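Work through the exercises below with the sequence and the model open. Each task is followed by a solution in steps.

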Amino acid sequence: MNEKLRNAIEQMKKGEEEGFNAVYSETYNRVYFHAKQIMKSEEDARDLVQIVFIEAYRNIGTLQSPEAVYKWLDGITYRQGMKIFRKKKDVLLSEEAEGVF
């Protein structure tokens with residue numbers, strides 16, 4: 001891990017916007033690639049990336065070690081992606097069930 005990212009994480013933990021922007025810049029490609037793998041569609045992947053960085057900002061205090069930031073973001077991406085899938089599945093089932101009954 002580079003020192004720039006480590007410092008950005010510490011700034012982000014202090015609530016500094018500059019730290020968040022640096023973390024975003026340093027990790028965006030990885031989060032986007034992972035989101036694209038999960039979601040398959042470009043639009044859904046972009047939505048997921050936004051959700052991931054919002055969650056990361058809100059929960060930066062749970063990051064135990066700066067070295068774990070990539071794994072931490074991967075976990076957020078996976079969990080939030082699965083939430084989106086479950087919501088879509090529930091909506092599809094509800095619409096199908098409506099016509100059956």
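**Exercise 1: Aspartate 44**

Aspartate 44 sits in helix α3. The model is a predicted one.

Task: decide whether aspartate 44 is buried or exposed, and find which residues aspartate 44 contacts outside its neighbours within four places in sequence.

Solution. Step 1: the relative accessibility of aspartate 44 is 17%. Step 2: buried means under 20% relative accessible area, so aspartate 44 counts as buried at 17%. Step 3: with neighbours within four places in sequence set aside, aspartate 44 is in contact with Met39 and Lys88.

**Exercise 2: The chain as a whole**

Task: state how many helices and strands the chain has, and what share of its residues counts as buried.

Solution. Step 1: the secondary structure consists of four helices and zero strands. Step 2: read along the sequence, this gives the pattern α-α-α-α. Step 3: the chain has 101 residues, of which 36% count as buried. Step 4: about 6800 Å² of the chain is exposed, with carbon and sulfur atoms supplying 52% of that area. Step 5: among contacts with a separation of 6 or more, 57% are between residues 24 or more positions apart.

**Exercise 3: Valine 23**

Task: place valine 23 in the secondary structure and list its contacts beyond four places in sequence.

Solution. Step 1: valine 23 belongs to helix α2. Step 2: its relative accessible area is 4%, so valine 23 is buried. Step 3: apart from neighbours within four places in sequence, valine 23 contacts Leu5, Ala8, Ile9 and Met12. Step 4: for a backbone distance, take lysine 4, which is 19 residues from valine 23 along the chain; the C-alpha atoms of the two are separated by 8.9 Å.

**Exercise 4: Lysine 40**

Task: find what is notable about the phi of lysine 40, and where lysine 40 is found.

Solution. Step 1: lysine 40 has a positive phi of about 75 degrees, although it is not a glycine. Step 2: most residues other than glycine have a negative phi. Step 3: lysine 40 is in the loop between α2 (17–39) and α3 (42–58). Step 4: with a relative accessibility of 61%, lysine 40 counts as exposed.

**Exercise 5: Salt bridges**

Task: state how many salt bridges the structure holds, then examine pairs in α1 and α3.

Solution. Step 1: there are seven salt bridges in the structure. Step 2: one of them joins arginine 6 to glutamate 3, with the closest N and O atoms 3.6 Å apart. Both residues are in helix α1 (residues 3–13), three residues apart, about one turn of the helix. Step 3: Glu3 and Arg6 are also linked with Glu67 in a network of salt bridges. Step 4: arginine 46 and glutamate 42 form a salt bridge at 3.6 Å, N to O. These two are four residues apart in helix α3, so about one helical turn separates them. Step 5: glutamate 55 and arginine 58 pair at 3.4 Å, N to O. Arginine 58 is exposed, with a relative accessible area of 61%, whereas arginine 46 is partly exposed at 44%.

**Exercise 6: A charged patch**

Task: name which residues gather in a patch of positive charge on the surface.

Solution. Step 1: the patch brings together Arg79, Lys83, Arg86 and Lys87. Step 2: arginine 86 is part of helix α4 (residues 69–100). Step 3: arginine 86 has a relative accessible area of 48% and is partly exposed. Step 4: a patch residue must have over 30% relative accessible area, and arginine 86 has 48%.

Definitions and conventions. Residues are numbered from 1 along each chain as its sequence is written. This is a predicted model: local features need pLDDT of at least 70, side-chain atom pairs count only at pLDDT 80 or more; totals for chains, interfaces and linings use all residues. Side-chain values use heavy atoms; hydrogens and water are left out. Patches are made of residues with over 30% relative accessible area and no salt bridge: like charges are joined within 9 Å, nonpolar side chains (Val, Leu, Ile, Met, Phe, Trp, Tyr) within 5 Å. Accessible areas come from the Shrake-Rupley method with a 1.4 Å probe; for residues, only the protein chains shown count as cover. A salt bridge is a side-chain nitrogen of Lys or Arg within 4 Å of a carboxyl oxygen of Asp or Glu. Lys and Arg count as positive and Asp and Glu as negative; His and the chain ends are not counted. The place of a charge is taken as NZ of Lys, CZ of Arg, CG of Asp or CD of Glu. Buried means under 20% relative accessible area, exposed over 50%, partly exposed in between (1.4 Å probe, protein chains only). Contact means heavy atoms within 4.5 Å.
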